[in-house]
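The following exercises concern one protein model. Please work through each task with the structure at hand before reading the solution.

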Amino acid sequence: MNASEPLRLHVPEPSGRPGCQTDFSFLQLQPAGSARKPPPDIDARDTADLAVGLIRVLDESGQAVGPWAEPIAVETLHAGLRTMVKTRVFDSRMVTAQRQKKMSFYVQSLGEEAIGTAHAMALRDDDMCFPTYRQQSILLARRVPLFEMICQLFSNECDPLKGRQLPVMYSNKAAGFFSISGNLATQFVQGVGWAMASAIRGDTRIASAWIGDGSTAESDFHTALTFAHVYRAPVILNVVNNQWAISSFQHIAGGEATTFAGRGVGSGIASLRVDGNDFLAVHAASRWAAERARCNLGPTLIEWVTYRAGPHSTSDDPSKYRPADDWAHFPLGDPIARLKQHLIVLGEWSDARHAELVAELEQEVITATREAEAHGTLGGSAYASAATIFEDVYHDMPAHLQRQRQQMGI
């Protein structure tokens, strides 16, 4: 080594660009069933191997293998598959509606349906989630009506948020779904704070907070880890590593030489790296983390390894920065296809039943969309009353706002 050589800056680059197929060997995948499953009361320092490995349950043939293959009712698997398919059908229809100018933009979760679905099913319905804009499957798993969600997207007169949030920025207190923030990484500090408040009250509810791989570069990520560790907050910290933060590859956020889960271990937090396209692995890891939080054993950071199959949003064209067929080559596959195959292996599903399910859910989404359209869309004229701008801010409206409202004639 020549000490007199000029200094150089390392700039991470993705292993695939348009016209060049991605080499996914950087994922360092491990066989299904090879990761050990420790008890939830494990010391955070002893999870280092689980933070750099990969917890997987479903093998290539659809069999559930290994210590994380917990007993799970067939009814739960059916419900999970139904929610995942419903999420994908819903996303597809809403993208079409956006192209028809019925809403300003849309963010789909194509390829990530297992993460929100299985995680929500592993929690209690009264646990609070602090999501990003790609966890609509949590709302569907918690049986929030499609009509309500579509009205929010259309910002019409039945929008439960009265047009005050961008499309897909849902908020539903009854469903344990905290207001989505477009300012990334805020969910982590909010989730940790809510979990700390739950513990202070002596409650039994835990929090689950979500960010993407790119958001781990935000200061809120590190602040949240510090508070979660110091106060042993009953919270699950989810990092969805879908490989791309808009057009920036995950290595730019620090995922090249280490894993995002590894950062949790360094902060004194038990951490897992999990196959996010494996419904059974997601469900098992979520249950493990939830038990740890609910038993006052501290927080868990989980890195969900998945792939953002579609654009970042309807304003994005991913073919400009990655191969157009990248998802078809992603080694962890399609989460819906994998759970479907597992149910077929169990003798509890078939291609014919799956086709019937897709057709049923497509009709359900179409019906809900028509009902919502009857109350207006972005390009229509049926909006929430202008009077709503004065509501939901003060318990008792101040005199100056009363005068302004009168001046507007509403």
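**Exercise 1.** Determine which backbone atoms the side chain of Arg292 reaches, and establish whether Arg292 has a charged partner or none.

*Solution.* The model is predicted. Begin with the side chain of Arg292, which comes to 2.9 Å from the backbone oxygen of Ile42. A polar atom of that side chain also lies 2.4 Å from the backbone oxygen of Pro40. Next, place the residue: Arg292 belongs to helix α9, residues 279-294. Then look for a partner of opposite charge. The nearest such side chain is that of Asp41, 6.5 Å away. A salt bridge requires a nitrogen-to-oxygen distance within 4 Å, and Arg292, although buried, has no salt bridge. Finally, list the surroundings: beyond four places in sequence, the contacts of Arg292 include Pro40, Asp41, Ile42 and Ala44, as well as Leu297 and Thr300.

**Exercise 2.** Identify the parts of the chain that the salt bridge between Arg294 and Asp127 ties together, and classify the accessibility of each residue.

*Solution.* In this salt bridge, the closest N and O atoms of Arg294 and Asp127 are 2.8 Å apart. Arg294 lies in helix α9 and Asp127 in the loop between α3 and β1, so the pair ties together parts 167 residues apart in sequence. As to accessibility, Arg294 has a relative value of 27% and therefore counts as partly exposed. Asp127, at 0%, is buried.

**Exercise 3.** Carry out the analysis of Exercise 2 for the salt bridge between Glu303 and Arg273.

*Solution.* The closest N and O atoms of Glu303 and Arg273 are 3.8 Å apart. The pair links strand β7, which holds Glu303, to strand β6, which holds Arg273, across 30 residues. The cut-off for a buried residue is under 20% relative accessible area. Glu303 has 2% and is therefore buried; Arg273, at 5%, counts as buried too.

**Exercise 4.** Check the span of helix α2 against its number of residues, and find where a salt bridge joins helix α2 to helix α12.

*Solution.* Helix α2 runs over residues 74-99, which is 26 residues; at 1.5 Å a residue it should span 38 Å. Its end C-alpha atoms are 38 Å apart, so the two values agree. Just after helix α2, Lys101 has a positive phi of about 65 degrees. For the salt bridge, the pair is Glu364 and Arg82, at 3.9 Å from N to O. Because Glu364 lies in helix α12 and Arg82 in helix α2, the pair ties together parts 282 residues apart in sequence.

Definitions and conventions. Residues numbered from 1 in each chain as written. Predicted model: local features only at pLDDT ≥ 70, side-chain atom pairs only at ≥ 80, totals over all residues. Heavy atoms only, no water. Helix = DSSP H or I, 4+ residues; strand = E, 2+ residues; numbered from the N terminus. Expected span 1.5 Å × (residues − 1). Buried < 20%, exposed > 50% of the residue type's maximum accessible area, 1.4 Å probe, protein only. Lys, Arg positive; Asp, Glu negative; His and termini not counted. Polar contact = N/O pair within 3.5 Å; in protein donor to acceptor, adjacent residues only side chain to side chain. Contact = heavy atoms within 4.5 Å.
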